[in-house]
Protein chains: 2
Amino acid sequence: MTTIGFETHDHHACVSDALAKAEARCAASDLRLTPVRRRVLELLLAEHRALGAYDILGHLSAEGLGTQPPVAYRALDFLVKAGFAHRIEALNAYIACAHLGADHTPAFLICRSCRSVAESDTAPSQGRLGDAARDAGFQIEHTVIEAQGLCPACQTGDAA
Amino acid sequence: MTTIGFETHDHHACVSDALAKAEARCAASDLRLTPVRRRVLELLLAEHRALGAYDILGHLSAEGLGTQPPVAYRALDFLVKAGFAHRIEALNAYIACAHLGADHTPAFLICRSCRSVAESDTAPSQGRLGDAARDAGFQIEHTVIEAQGLCPACQTGDAA
DNA sequence: TCGGGTATTGATATGTTATAACATCCGGTC
DNA sequence: GACCGGATGTTATAACATATCAATACCCGA
Ligand SMILES: [Zn+2]
Ligand SMILES: [Zn+2]
Ligand SMILES: [Zn+2]
Ligand SMILES: [Zn+2]
């Protein structure tokens, strides 16, 4: 299990690596990483934090890449469908995938204070949830696993 | 592990039992199950389905109990805080708790076709998520565990 | 029963997130 | 060049949620 987000790391490499992987994947899968889509991915990659669609739109608009909500939502939809980003349901926000390329079932650790998000790659079977689904005859297509609390940095300051 | 929602059951008893438990809990904890709050709980209990705040508001308004959004949101906040209802993050919607009285960490099985929701009382599902949090030094306060897919009934019809 | 604090409700306005609908452009193909 | 499909531009609106302040109900002790 790998958790990415709170550790200090070579983030510049982290970003360029993710962009390179996204480009390779697009080339291989006949997807188009257009300027707006690429820029939105860069914005999401800039920090390991969740950004709202309208945060994104603010940046795009400042850069002359589009001013209306569909611009941001289309790009985000593309990135999420392509697996380059994830939606954080508990925040109605979006974050770049930290395990680009790997087929995974993400779980998130979300700091309520600084809004940073760590992506943990949990086991796919979802232990007990999978059992419950099987018992109930429920066919799982997608799971949302999000834990909210305080990240290591914010615990020391103990931001209420 | 108990999953409630898809099985056929004595739903009339299910509802009155839940209302009785809620009343008992309010009496014991100095909480007030006012008319609007009680009615909203009844509406949520009516089916094992998630209802949006504005669905609720529609009913309330038809019954002369209030017409403005805060009426619904206040009642829902009360019910959620009291543990009588849960918020489904993936739907921005609300559902009555199926394990009233028990201290539990709910997990939900959400049918994308009929919007019915089963509440499974998993073990503090922090199996692997808890491990990841511990490794990262993250202090979990609340978890969201929601699986989306098709319920048994909707698989047969295979609603796309 | 009177006051005073607290919880609740009423009412208005606004903020935030997301999509529908339709026109237009642009690159590749025949 | 005509066509097609994906991507964008543009307008409007739907859906979800909260801030704020005034008014009222409730409880409790003086
Ligand atoms: Zn990084
Ligand atoms: Zn933090
Ligand atoms: Zn029932
Ligand atoms: Zn169903």
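Biologist: Which helix gives the most to the surface near DNA strand C?

Modeller: In this predicted model, H4(A) gives the most, with four residues. Helix H4 (69-82) of chain A and helix H4 (69-82) of chain B each supply at least two residues of that surface.

Biologist: Which residues are the closest to DNA strand C?

Modeller: The closest are A:Tyr54, A:Arg87, B:Thr34, B:Arg37 and B:Arg74, among 14 residues that surround the strand. Sugar and phosphate make up 48% of the strand's atoms that come within 4 Å of the protein. The surface divides into six nonpolar, three polar and five charged residues.

Biologist: What makes the approach of B:Thr34 to a phosphate oxygen of DNA strand C a polar contact?

Modeller: A polar side-chain atom of B:Thr34 lies 2.8 Å from that oxygen; the cut-off is 3.5 Å, so the pair qualifies. A polar side-chain atom of A:Arg74 lies 3.4 Å from a base nitrogen of the strand, and one of B:Arg32 lies 3.3 Å from a sugar or linking oxygen.

Biologist: Why is the site of the zinc ion (ligand 1) called tetrahedral?

Modeller: The angles among its four donor atoms are 106 to 118°, and four donors count as tetrahedral if all angles lie between 85 and 135 degrees, so the term applies. The protein donors are A:His9 (NE2), A:His11 (ND1), A:Cys14 (SG) and A:His48 (NE2), at 1.9 to 2.4 Å from the ion. Their spacing in sequence is H-x1-H-x2-C-x33-H.

Biologist: Why is A:Cys14 called partly exposed?

Modeller: Its relative accessible area is 22%; buried means under 20% and exposed over 50%, so A:Cys14 falls in between. A:His9, at 35%, is also partly exposed.

Conventions
Residues are numbered from 1 along each chain as its sequence is written. Chains are lettered from A and ligands numbered from 1 in the order in which they are written. This is a predicted model: local features need pLDDT of at least 70, side-chain atom pairs count only at pLDDT 80 or more; totals for chains, interfaces and linings use all residues. Side-chain values use heavy atoms; hydrogens and water are left out. Donors are N, O and S atoms within 2.8 Å of the metal (3.2 Å for Na, K and Ca); water is not among the atoms, so sites may look incomplete. Four donors count as tetrahedral if all angles lie between 85 and 135 degrees; four count as square planar and six as octahedral if opposite donors are over 155 degrees apart and all others between 65 and 115; anything else is irregular. Buried means under 20% relative accessible area, exposed over 50%, partly exposed in between (1.4 Å probe, protein chains only). A residue is near a molecule or strand if one of its heavy atoms lies within 4 Å of it. A polar contact is a pair of N or O atoms within 3.5 Å; within protein, one must be able to donate a hydrogen and the other to accept it, and residues adjacent in sequence count only if both atoms are side-chain atoms. Ala, Val, Leu, Ile, Met, Phe, Trp, Tyr, Cys and Pro count as nonpolar, Asp, Glu, Lys and Arg as charged, and the others, Gly among them, as polar.
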